[in-house]
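Thanks for coming. I will go through one model today, from the overall layout down to a few single residues.

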Amino acid sequence: MSDLSNSQMLHTLLDDESLLILLFHGVVENENAFGVRNYNKKHISIQKFERSLINLLKNGGTPIDTSQMYGFLNGKLRIKKPFLVTFDDGFKNNLTIAAPILQDLGIPWILYLTEDFVMKNEMSWVDVIDSLVENTDRTNLIYDQIEYSLETVYLKINFLNYIRNKYKNQYFSYSQLINQLKLILKVTKENRVDEIDEKLTFAECCLLKNKYCVELGAHTKTHRVLGNLNADEQYEEIVSSTRFLKEITGCNPINFAYPEGHDKAFNATTLKLLEEFGYQSSPTAMEGINFRHADFFRLNRVMVI
Ligand SMILES: [Zn+2]
């Protein structure tokens, strides 16, 4: 992550000729309160969240919604220093903490929802493995013929980064990996931490739309990396999450976001399917700003840390 994603440097990315799209996942009282959990700062502190947004407004930034985004990127709309706020996944703290702050600041935002996170209150596989490593009593282990010490938070994070990188670009079974790690780490069950693990309910998604006027977009059914799936599996992920969004909003969604959002998170099949379903854009999690006439299915975002 570059220095530009630092909450105090964001305003340097504002420009009349480009669009800054911010990527958030969650907002909590204190981002450092969770040990190994939240080590990658997926959930940021309220103070940092507010400070970063106020700083953008003070520096002349114009918060926009997605229809203004299309107008601006198409070259039909002139907007001074535009920025768009996006949230991924569907954490409950988006409603309890982020929504009132954004409303007070008059900032529109879009939330990309993962269907199973909402309908089953599921944890993502990375959140589960973070929890298993956090709660293990083992001080070392051998994995892929490499010895890892787990004696400190730093060393646990080192092991987690290895696992994340290993599975980033490959097809694998989440449940098999989690069961394997439970055995190795001698932890029977993940430990849920409400502040960072609770997801929105279906009713709360409706509330966000109706009370807070939040735009909602699709983010697949299970949050698997589309680029690692075959065409039938990708179809299932997209058709199911499209139906889910329509149940909440009554309309066919046109905004999508790829799970994980890295350069292998989607492929030609993904793009074809999204077009067939009527989607008009999908941001990635690749860092950068967006110039006019950018590819709407390769939009860059900046994750605030
Ligand atoms: Zn996601």
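**Layout and selected residues**

In this predicted model, the centres of domain 1 and domain 2, taken over C-alpha atoms, are 28 Å apart. Domain 1 covers 3-122 + 196-303, and domain 2 covers 125-185. Where they meet, eight residues of domain 1 contact 12 residues of domain 2. On the domain 1 side, that contact surface has two nonpolar, three polar and three charged residues.

Next, the chain as a whole. It has 11 helices and 11 strands. Along the principal axes, the C-alpha atoms occupy a box of roughly 55 × 45 × 35 Å. What radius of gyration does the chain have? The value is 19 Å, and it agrees with the figure near 19 Å that a compact globule of 305 residues would have. Of the 305 residues, 41% are buried. If you take the contacts with a separation of 6 or more, 70% of them join residues 24 or more positions apart.

Now the cores. As background, nonpolar side chains tend to be buried together in soluble globular proteins. Here the largest nonpolar core has 56 residues, and Leu22, Leu84, Leu111 and Leu113 have the most contacts inside it. Strand E1, residues 18-24, supplies the largest share of this core, with six residues. A separate core has 12 residues, including Ile129, Tyr148, Phe159 and Leu185.

To go back to Leu111: which residues does Leu111 contact once its neighbours within four places in sequence are left aside? They are Phe87, Gly90, Asn94, Leu208, Val214 and Leu216.

One local element is worth a slide. Strand E7, residues 140-143, pairs with strand E8, residues 146-149, in the antiparallel sense, over four bridges. One pair to look for on the screen is Asn140, whose bridge partner in E8 is Ser149. The two strands form a hairpin with two residues between them. In that turn, Asp144 has a positive phi of about 50 degrees.

Finally, two charged residues, both in loops. Lys221 is in the loop between strand E9 (215-218) and helix H10 (231-249). Is Lys221 buried or exposed? Lys221 counts as buried because 20 other C-beta atoms lie within 10 Å, and the cut-off for buried is 20 or more. Not counting residues up to four places away in sequence, Lys221 touches Glu115, Asp116, Glu236, Glu237, Ser240 and Ser241. Lys58 is 163 residues from Lys221 along the chain, and their C-alpha atoms are separated by 38 Å.

Arg292 sits in the loop between strand E10 (290-291) and strand E11 (302-303). Arg292 is exposed, because it has 12 other C-beta atoms within 10 Å, and exposed means 12 or fewer. With residues up to four places away in sequence again left out, Arg292 touches Glu17, Leu73 and Gly75. How many residues along the chain lie between the positions of Arg292 and Phe72, and what separates them in space? They are 220 residues apart along the chain, while their C-alpha atoms are separated by 7.0 Å.

To sum up, the chain is divided into domain 1 and domain 2, and the largest nonpolar core has 56 residues. Of the two loop residues, Lys221 is buried and Arg292 is exposed. That is the end of my part.

Definitions and conventions. Residues are numbered from 1 along each chain as its sequence is written. This is a predicted model: local features need pLDDT of at least 70, side-chain atom pairs count only at pLDDT 80 or more; totals for chains, interfaces and linings use all residues. Domain bounds come from an automatic or database domain assignment. Two residues are in contact if their C-beta atoms, placed from the backbone, lie within 7 Å. Ala, Val, Leu, Ile, Met, Phe, Trp, Tyr, Cys and Pro count as nonpolar, Asp, Glu, Lys and Arg as charged, and the others, Gly among them, as polar. Two strands pair if DSSP finds at least two bridges between them. A nonpolar core is a set of buried Ala, Val, Leu, Ile, Met, Phe, Trp, Tyr and Cys residues joined through C-beta atoms within 7 Å. The radius of gyration is taken over C-alpha atoms; the globule rule is 2.2 Å times the number of residues to the power 0.38.
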